[in-house]
Amino acid sequence: MELTNQQRNVVIIGGGPAGIEASKALDALGYTVFLIERENRLGGHLGRWDRLFPYGTPADDVLGQMTASMGRVKWFTSTEVTQLNKLERGYNVILSNGLSVLADALLLTTGFTLFNASKKEEYGYGIYDKVITNADLEDWFSGIPVPAVGNPRRIGFVHCVGSRDEKVGNRYCSKVCCATAVKQACEIKQQFPDAVVYCFYMDLRMFGRGYEDMYLEAQKKYGVIFVRGRVSEVSEDKDGHLFVKAEDTLSGKPLRVTLDLLVLMAGMSHNRAVDPIARTLALSTMEDGFLKPKDSLTAAQASYCTGVFYAGACTGPKTLPETMAEARAAATNIHEYLQEQ
Amino acid sequence: MNYEGKKRIWSEFQKEIPDDRYFYARSCIRQNFNPGAEQAFLDIVRNRFGKDFYEDPLHTTCGGIAYHSDTTPEETSMTIIARQFSLMNQAGYRNFVVSCVTSFGLHTEILQTWEEHPEIEAKIHELLWKACKREFTKPDFLMHSSDMMYHYRFLISEQARYPLINVHTGEPLKVVEHIGCHYSKIFPSKSVGGAEYPRVLAGLVEALGGSVVDYPERRHCCGFGFRQYLVKANRGYSLTNTYKKFESMEPFHPDLIITNCPGCNYFLDRWQYVIAETSGKTYGDTPGYGIPVLSSEEVSALVMGYDPWDLGLQMHQVAVEPLLDKMGVQYDKSRKYKGVGGKDLGIPASPANIRIF
Amino acid sequence: MIDFGYGISPSSAINLDKFDRTMFEELAREEPDVLKCMACGSCAASCPTAGHSDMNLRKVILLLGRGREDEALRMVSHCMLCGKCLIVCPRGINTRHLILSVTKIYQKK
Amino acid sequence: MKDRFISGYNDFVLPFVIGMSFILIYLAIGIIRVIAQLPAQDRKKFFLSLINPKLWIINLKDIICDVLLHTRIWKRKPLLGYMHSSIAFGWFMLIVLGHIETWMFVPDRLSTFYYPVFFRFFVMETDHTIGGSFFFFLMDFFLLIVLSGVFLAMFKRIRSRIFGMRRTTNNQLPDRIAMYCLWAIFPVRLLAESFTAGIAGGSFLTRPMYWLFSNFLTNTYHILPTWWAYSTLLGTFFVLLPFTRYMHIPTEAFLIVLRNAGIKVSHPRKGYSIAQIYSCSNCGMCIDACPMMGQKKNLRYATVYFNRLLRRRNWARCEESADKCLMCGKCVAVCPVGVDSCNIKRSLRGLKAAPAPADYGYFSTYSLSESAATSPSSAEPAAGQEKILYYAGCMTQLTPVISKAVGTVLDRAGVNWEFMDRDGGICCGRPLILAGRDERAREMIRSNTELIRQSGATVLLLSCPICYKVFRENYDLKGIRIVHYTEYFDELVRLGRITLRNSGEKLVYHDPCELGRGCKVYKEPRRVLGAVGELVEAEKHHDESICCGGSLGSLTLSYEDRKDITMHSLDNLLYASPERIVTACPLCLKTFSPYSPKKVSDFAEVIVQNMN
């Protein structure tokens, strides 16, 4: 018996940008789409960000535009997958709200979690009052009070916190932190024009269109000072200021500076919430915990498990445009897959 | 500073410390510089707390200084240490406690090496047998004496006669805790509290009523650095390291520095004299005197009411009298330079820039 | 004072807390392009003095921004003003005039 | 012809006398000051030149050609040339003829210097003589010439393009007043002479005017007022003169004498430079010539304004202007007066340079490159055989195509040569000289001279025009021939040591500033290129070629602004639709290459491609 598209169910786990984009695409193809989000609203990390690099687009605008019309997508927030069973064809997904769905295809858009910066003990996140993360600073930009920010005259940004760091188990580059740091450095200069802002970087990975211009602007317009060298340790002095040590690798000399605020550019870690699902479905993961696609070039959206697809940062750090593109690609892959069934 | 944050990290670096029955290995340099410290340690654990700490007269140096000075290969140290373990086995003990941080670091390193490379351990069994016809088994637990002080900190505070409180102001004494590099920087998981915010001395100081000074260069080496001090051409480097630490702690006006390492104790103490005599500068709460530098055992003993001169505190360069006065410790000034049975040890020459009494 | 045959050596570290930025800011006003340097090293690589002196324009810019004026000026004193760095700079910094401005501004010291 | 008044005087001459006295005193003081400010050596040169009869002849010729006839402008823009020479020469002739008339008819009045100027007022015609009519005719004729020039000048103010000028100088208030005076002087003189023609006589211009006016005016009433007006205009003009562009009229002759004496600029605002900047007629020819003028914002950097600012000692703006200048030398080339503004700007850069300490101690670590020092050909050349030392220079290190091609040509020609700076070398010193730091450049010159002398070479071959200029002008390499590769290759071709084939490719040759205007090498590269392809000319070429924009002369020009100049220069080169642009300078090559729609090649590269 030939099933219509509408009679086929696709369950998408994770209501971030990838989930939203894929759900709309699949909905447009006529499938019945269930979008499951753990948090109380759609958007994922995008919902916490204030403005986006490289052009400073407000994240709310992007998210608003994305969620403006969700079509017939059945989306559930504050909902988790409680049980997942592989059937002969498809999957039975039981949700925490009691709903049970027979899914013909499953799309994992579970994204990432922000690296827990307190793991880098030497930076003192959670111990020193004036050390915050990129996400904390985004909160502050959005108007949420962050007392640590205060009225700083000297500000530092530490790139690669929890990225390119084998000691914390993350050997990879998180891709977005360099651009985020430069963006935030400019934004904080807008707020505190007289402040001296330092960026401590290992490499500046300004790979995207418009990123290099942003970097140039940070240098020339905002006078952000770039120091090539990873911060090695942070201490608090008697007055609660931060005493920072790094090597200025370009001059080959140790560098010391006292700061009023230090922003740690926490990178992307794999989302542990996906681990139980991966175990249940016996999905392959990589050594750093991210899900392993069937082929990183030719089948980047496919898993080793029939009917299970990936999109976005669940397979590794991605920028927003990459995530969106993957979501649309996954929708196409799922469509092809369902048509062949 | 968020204390809760520190507690969260401390909770990740805890180790099991057996309460009793240890084989004790001394520090070769400390026996000479501050012999009272080890004597006090044994007296406290044995006589005050009634614990079983065995000390074998046949045990030797671990060879750590020679090893870290690049004069002997690791196998030499391994064999020496294997012999210590053999002595421990012979005496019927399973727990090993060392007095010296370098020694503790070396023991830890060797045990870890053997664990990763059993073939090396097998070779050492062979070498030990060739050298002195001995067999050994590894200890169940390896501890540093400061771990024991930390472990017994509440027993100590129960018996405290002079807690680390300034009797004139009622304020806690400001204590700089300095951890020897080899205690936790090599293997943070083998320590109490880890390498970044070590808990071992901070916990002791808190239990004894003092407050810990957290100054920017707290992680920094005391300056000993083996080759840095031992090779005279490098000695300025050693001194500069220590100087950097003192400059960093200066604004906090500490009353006392507590260390867990014989080398650190010595260098933080003696370099204060050299800094004073070359630059005229002294540090600490009492102008002109410098900051007394005591080991965790000495501090514990002092708190428990041991006589400072019996403890051998006159062996330290920086005068302890201002500290004793702040703690309210009763002492006889005239006994400071008297040896056993009132023997006159002679009064040292007075330095120009740092007061000694 | 006693001479022990060794002593406290001065720190080689760059201490940004002690760096008075006024002079560098004056330079940046006169030569805004100095801020554009991305330390690629093209200038230093093509410099005809390379291998013969310690002149390194990339380092000059860096050191001026780190409060090491003396070192930077020593380097600049070797410059022949030939302009090769100007030709190779990918950010289009007017390196020749930058060098002249450096000597002019820091001469006031 | 005889005196009308016994006294030979009328009050109306006073304004003229006052003005004339003022300007003569002013000029006398000025000349003394300039001479006093000259460096002792130059002063000596100047006085020696005054007793050199050969120089007298040259001075006279130059003064007649440049000051009176403006031959330089004639060559460039005939109409503009006519305008200038009609006023200058015409006026000069009026003065001369006035004196001749006075000398002929009332010789005892020659002692009063106003008399010849107002000759027609002071005399009456007693009888018609051929001689008298002849002079009357000449006077009227030259007045007509001057008037035609004045008319053109007025017209030029409105429509400058007709004279081939896109932009003209914007005048200041004193300039404008003086200009109106100048415009009015000759028509008023015509009126005055016309009204007086009934008494003093006249010729084809003044007589008919007299008859015409007498029909409706009582001429006698107007005689005195018009002469008053004429005298007042002259007086005003003379008093204003030092504060206006017209100061060039008396200064230029002095400049010519100084220049011919061999004096060079040594200070931007003293001695020779004063003569230079006061000789600037503010004609504005340099505005259109300047390659920076493609951008309106750069108009203020035109040399004419620089000269004006320097006259006013506006140091800050002068410095800005001097630092901006590309030193391409085009403004000097087109200047009708030949104001040496590049060197004035250079000396200003030097004057304002921060006294930075230089440390060139490391020069001693340079040696002749390995190959030059050890190759077998470095042995003493056989008698009569020249030994060539090739110095590529800094910039050529960035364009290895040039040095490689030069090497190929030399090898093919079987020349005994060495590469002086294969592994890099000391800068030639020209960039420092361009920046006004001559003192510092001297160390480079000394070290390079030593290296070259050591090599035992008889010929120093250069491919970089920047180097070429400095080696020619600032190095003392007696006994060693200094030659640019364009010249040398031309020689090789003519000696038959290399033969070329003509590919028929349409080539355009770009004259690098330092080679063309700087060293006057124009024909050699063209001759060689003509043999390898069809050589076409750019719209502006030779002396008027346009700088590529990459010049090291400018200190402050941003690379964005340089790009505009490059595009402008490329447009000029592509005027005759060539297939390829050929240049003979590494900097031009490097500057043009990224932006040119047509392939840009080096001279040597083209030779190699077309060598048999």
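Colleague: What makes β5(D), helix α22 of chain D and β6(D) a right-handed β-α-β unit?

Modeller: In this predicted model, the path leaves β5(D), passes over helix α22 (residues 465–474) and arrives at β6(D). A crossover counts as right-handed if, with the strands pointing away from the viewer, that path runs clockwise, and the unit is accordingly assigned as right-handed.

Colleague: How do you know that β5(D) and strand β6 of chain D pair, and in which sense?

Modeller: Pairing requires at least two bridges between the strands, and β5(D) shares four with strand β6 (residues 481–484), in the parallel sense. One of the residue pairs is Leu462(D) with His484(D) in β6(D). Strand β5 (residues 459–462) of chain D is also joined by four bridges to strand β3 (residues 388–391), again running parallel, and there Tyr390(D) has Leu461(D) as its bridge partner.

Colleague: Why are β6 and β8 of chain B said to stand at the edges?

Modeller: The order of the four strands in this open sheet of chain B is β6-β5-β7-β8, with parallel pairing. β6 (211–213) and β8 (293–295) each have a single partner strand, so one side of each lacks a neighbour in the sheet. Ignoring direction, the average turn between neighbouring strands of this sheet is 40°.

Colleague: What makes β5 and β7 of chain B a pair?

Modeller: Where at least two bridges are needed, strand β5 (residues 174–178) and strand β7 (residues 256–259) of chain B have four and run parallel. His178(B), for instance, has Thr259(B) as its bridge partner in β7(B).

Colleague: How do you know that domain 2 and domain 4 of chain D are in contact?

Modeller: The domain assignment places domain 2 at 264–352 and domain 4 at 494–609 of chain D, and the centres of the two, taken over C-alpha atoms, are 26 Å apart. Contact, however, is judged residue by residue, with C-beta atoms within 7 Å, and by that criterion 13 residues of domain 2 touch 19 residues of domain 4. On the domain 2 side, α15 (315–324) and α16 (330–334) each supply at least two residues, and by class this side has seven nonpolar, three polar and three charged residues.

Colleague: How many residues of chain A are in contact with chain B, and which strand of chain A gives the most to that side?

Modeller: Twelve residues of chain A meet 14 residues of chain B, and strand β15 (residues 231–236) gives the most to the chain A side, with three residues. By class, that side of chain A has three nonpolar, two polar and seven charged residues.

Key: Residues numbered from 1 in each chain as written. Chains lettered and ligands numbered in written order. Predicted model: local features only at pLDDT ≥ 70, side-chain atom pairs only at ≥ 80, totals over all residues. Domains from an automatic or database assignment. Contact = placed C-beta atoms within 7 Å. Nonpolar A, V, L, I, M, F, W, Y, C, P; charged D, E, K, R; others polar. Axes fitted to C-alpha atoms, helices over the stretch in contact; angles between N-to-C directions.
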